[in-house]
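Let's take a friendly walk through this model, starting with its enclosed space and moving on to its rings. Have the structure open beside you as you read.

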Amino acid sequence: MGGPLGAIIGRFPTTGTGMDGDSQTDGGIIRHNRRCRDLVFLFVFIAFWVAMIVNSSFGFNQGNPLRLNYGLDYKGNICGDRHGNPDIRELEVKYYMNPNQVYQSGTKDSQFSLADAKTICLMECPLPAEDGVNFVCDYPEGDIHLSVDDWIDRDYDYFEFLTPDMRNSSLQLQGPCYPVIFPSVNVFWSCQYIALASNFSMKHWQQMGGVAIDENMLIDKTIHKAINSRSAVLKRYVADIGKSWPVLIVCGWILPLFLSVMWLLMIRYFVAGMTWITVILFNALIISVTMFYYIKAGWIGNDPLTVVIGASDPYVTITGREINHLRAATILMTIIMIIAFLTSLAIARRILIATSVLKVAAKVIGEVQALIIFPILPYFVLAIFYLFWFSATLHLFSSGQVQKNDCNANCCSYDLKLNKVSCDNCCGYSVHYTPHIGIAILFHLFGCYWATQFILACSSTVIAGSVASYYWARGEISPEIPFLPVFASLRRLARYSLGSVALGSLVVSVVEWIRFILDSLRRRLKYVDTTSENFMGRTVSSSSQCCLGCIDWTLRSINRNAYIMIAITGKSFCKASSIATGLIMNNILRIGKVNVIGDVILFLGKLCVSLFCALFAFLMLDTYKYKSAHNKISSPLFPVLVCWALGYIVATLFFAVVEMSIDTIILSFCQDAEEHQGNAQYAPPLLMETLDGGGPGEMQRLTQGP
């Protein structure tokens with residue numbers, strides 16, 4: 001396994017031969033002949049960041065987050081946009097003026113699209129009059145001498161001011177005024193017709209000589225289908241992230257910081273009871289989060305998720321994909337809760353082993369106290385990155401271009417500027433997305449994953465270098481160990497090993513994205529051809545997913561140990577991986593016996609932090625602010641998942657202090673034992689007590705391997 005590691009980072013020996021046979025000079029603690037490694041991948045990472053900035057600038061220039069929430073009117077204005085023509089900053093609800101156009105767009109083999117139906121923006125969805133017929137008229141312009149404010153005050157109705165030609169055109173459903181025959185409700189900022197025509201309004205309309213209006217259920221289903229489309233739901237999910245930014249800051253950033261630091265302090269001062277506390281708290285939290293999912297899915301209590309904004313008829317039920325997604329998540333959480341409970345029972349007998357391992361980490365934290373506060377540095381780096389990334393995400397997802405549709409519709413409407421009926425402007429407007437926008441979004445998502453993995457890897461490498469200094473100093477903070485070993489390790493990382501960390505994080509990111517792409521293709525093929533799916537196909541699909549999952553888990557484990565050897569030896573990523581893998585294979589029983597149950601407890605600890613963040617996010621999103629008016633979110637699903645993910649990332653950042661301490665101590669112990677014929681000379685007494693459970697002979701057999 002090469003030369004002694006003591007020559008590299010510890011006190012043994014102060015002079016001699018290094019791992020590559022090169023001469024060591026005085027200095028004892030850190031090898032002085034390190035050099036930069038994997039520079040090519042450092043340049044790749046820098047080029048990637050340049051591409052990320054260029055990619056994000058495209059989104060900032062082309063995107064408008066208002067498009068994620070609000071629809072377009074027949075002029076191409078975004079409802080609620082202060083820069084519209086006219087100024088419609090207060091008019092946020094999209095309303096379909098001509099019910100016959102809505103019906104026509106829903107008929108089979110129709111060439112007329114709902115996107116070409118005439119729409120305007122209103123403050124709220126209109127309702128039929130109780131004693132006659134009321135109208136919704138076009139934006140006032142031309143010979144209609146009303147301001148927008150006066151038009152709003154008149155409930156959008158200036159039918160009495162129309163000239164005879166305008167009235168006749170309106171009775172032919174060609175505008176500028178259209179009758180309100182059907183009630184409508186605000187479903188995610190679009191007025192959805194309810195196919196229950198007002199008998200009194202319909203009768204009055206017919207008495208006025210108005211054309212026949214179709215009362216088919218299609219006028220209800222057609223609008224609902226557009227509102228409930230996959231692309232519309234995805235846009236609303238992304239918009240929910242923007243609306244719930246205070247929740248993300250509190251539950252995804254501040255709260256996990258506090259909980260993670262508290263967990264580290266409890267490990268330091270109350271390690272004996274932390275394993276049991278972690279297991280019990282984990283089960284309580286996962287049950288609580290699952291119950292909230294049941295409440296929002298409408299299966300418990302009387303507070304289910306609703307797709308209607310504002311008041312609505314309680315006898316009219318409108319569902320959406322969001323509710324279906326929430327119910328699917330509820331079922332998944334139930335399965336996870338059951339598995340988690342059974343797993344907790346299975347590891348109950350191994351809790352004492354985990355306690356012994358955590359005591360070693362607590363000893364390290366107590367000696368190298370800067371380890372507790374160091375994660376705050378990468379924490380703020382991640383905070384700045386995510387602020388930039390989330391803002392760019394909102395703009396990239398809304399970066400399509402508003403263009404007039406290319407349609408073959410045969411329709412006419414009254415043009416107030418031309419003061420006549422025009423048949424030249426039938427086509428409506430839509431937001432068009434080109435393929436390169438999809439590629440930009442995928443690159444942006446991959447960039448987030450790689451950058452996150454890189455920052456976590458840097459943090460882990462710094463911690464590993466600090467703990468290695470502690471181990472090779474015989475568990476003492478001697479004068480030969482730097483006063484601040486954490487910052488000395490950080491300096492070594494920044495000077496020599498950033499390229500190696502970039503390579504390691506890239507490998508994990510690429511494998512994870514291959515899994516994502518293959519899983520997306522599998523789901524797409526399943527939707528395209530469901531008849532040809534047989535047992536063999538399902539078996540192959542499941543097996544490939546399982547294999548990729550195992551490869552991903554193995555790479556993560558190898559990477560983590562490679563970062564340790566990078567911090568200790570200063571080798572390249574591939575060489576460090578080789579050294580770490582050799583140590584693991586020669587000491588697999590020792591590492592498996594001590595490390596696995598410790599990793600499980602640490603994983604449960606991370607889940608405790610992230611689940612608490614998800615639970616608190618549910619509580620914040622259940623307030624009036626996020627259930628009504630402008631800030632109403634379409635579903636708590638995405639904000640809660642993002643809070644959970646951010647909580648898990650922050651917990652990973654801080655829990656790496658314990659995790660990397662254990663792994664570094666174990667790997668250093670194995671190398672120490674191999675260098676000294678199975679008798680580790682630099683291991684602290686507490687580590688020897690923890691690992692030497694089977695007596696000297698058993699320890700020697702395990703550390704030397706078969």
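In this predicted model, the largest cavity holds about 50 Å³ of space. The count comes to four cavities of 30 Å³ or more. Rolling a probe the size of a water molecule over the atoms shows where empty space is left.

Which residues line the largest cavity? The lining is made up of Arg34, Thr461, Val462, Gly465, Ser489, Arg492, Leu493, Ser497, Ile566 and Ala567. Three elements give two or more residues each to this lining: helix H16 (435–471), helix H17 (485–528) and helix H18 (535–569). Of the elements involved, H17 supplies the largest share, with four residues. Sorted by class, the lining has four nonpolar residues, four polar ones and two charged ones.

Now for the rings. The chain contains 32 aromatic pairs. Here are two of them, side by side:

| Pair | Geometry | Centre to centre | Angle between planes |
|---|---|---|---|
| Tyrosine 74 and tyrosine 139 | stacked | 6.3 Å | 15° |
| Tryptophan 151 and tyrosine 156 | edge-to-face | 5.1 Å | 65° |

The stacked pair of tyrosine 74 and tyrosine 139 links distant parts of the chain, with the two positions 65 residues apart in numbering. Tyrosine 74 belongs to the loop between helix H3 (66–69) and strand S3 (93–96), while tyrosine 139 belongs to the loop between strand S5 (135–137) and helix H5 (148–153). Is tyrosine 139 buried or exposed? Tyrosine 139 has a relative accessible area of 1%, so it counts as buried. Tyrosine 74 has another partner too: lysine 118 lies over the face of its ring, at 4.5 Å from the ring centre.

What about the edge-to-face pair? Tryptophan 151 is at 0% relative accessibility and therefore counts as buried. Tyrosine 156, at 7%, is also classed as buried because the cut-off is under 20% relative accessible area.

A charge over a ring turns up elsewhere as well. The charged end of arginine 268 sits over the ring of tyrosine 269, 5.0 Å from the ring centre.

Finally, let's step back to the whole chain. Its secondary structure comprises 23 helices and 12 strands. Of the 706 residues in the chain, 55% are buried. How are contacts spread along the sequence? Among contacts between residues at least 6 apart in sequence, 75% join residues at least 24 apart. The pairing of tyrosine 74 with tyrosine 139 is one link between distant parts of the chain.

Note on methods:
Residues are numbered from 1 along each chain as its sequence is written. This is a predicted model: local features need pLDDT of at least 70, side-chain atom pairs count only at pLDDT 80 or more; totals for chains, interfaces and linings use all residues. Side-chain values use heavy atoms; hydrogens and water are left out. On a 1 Å grid over the protein atoms alone, a cavity is a set of points where a 1.4 Å probe fits but cannot get out, and a pocket is an open set with protein on both sides within 12 Å along at least five of seven lines; lining residues have an atom within 4 Å of a point. Grid points are joined across faces, edges and corners, and a volume is the space filled by probe spheres set on the points. Ala, Val, Leu, Ile, Met, Phe, Trp, Tyr, Cys and Pro count as nonpolar, Asp, Glu, Lys and Arg as charged, and the others, Gly among them, as polar. Rings of Phe, Tyr and Trp (its six-membered ring) pair if their centres lie within 6.5 Å; planes under 30 degrees apart count as stacked, over 60 as edge-to-face and the rest as tilted. Buried means under 20% relative accessible area, exposed over 50%, partly exposed in between (1.4 Å probe, protein chains only). A charge sits over a ring if NZ of Lys or CZ of Arg is within 6 Å of the ring centre and within 35 degrees of the ring normal. Contact means heavy atoms within 4.5 Å.
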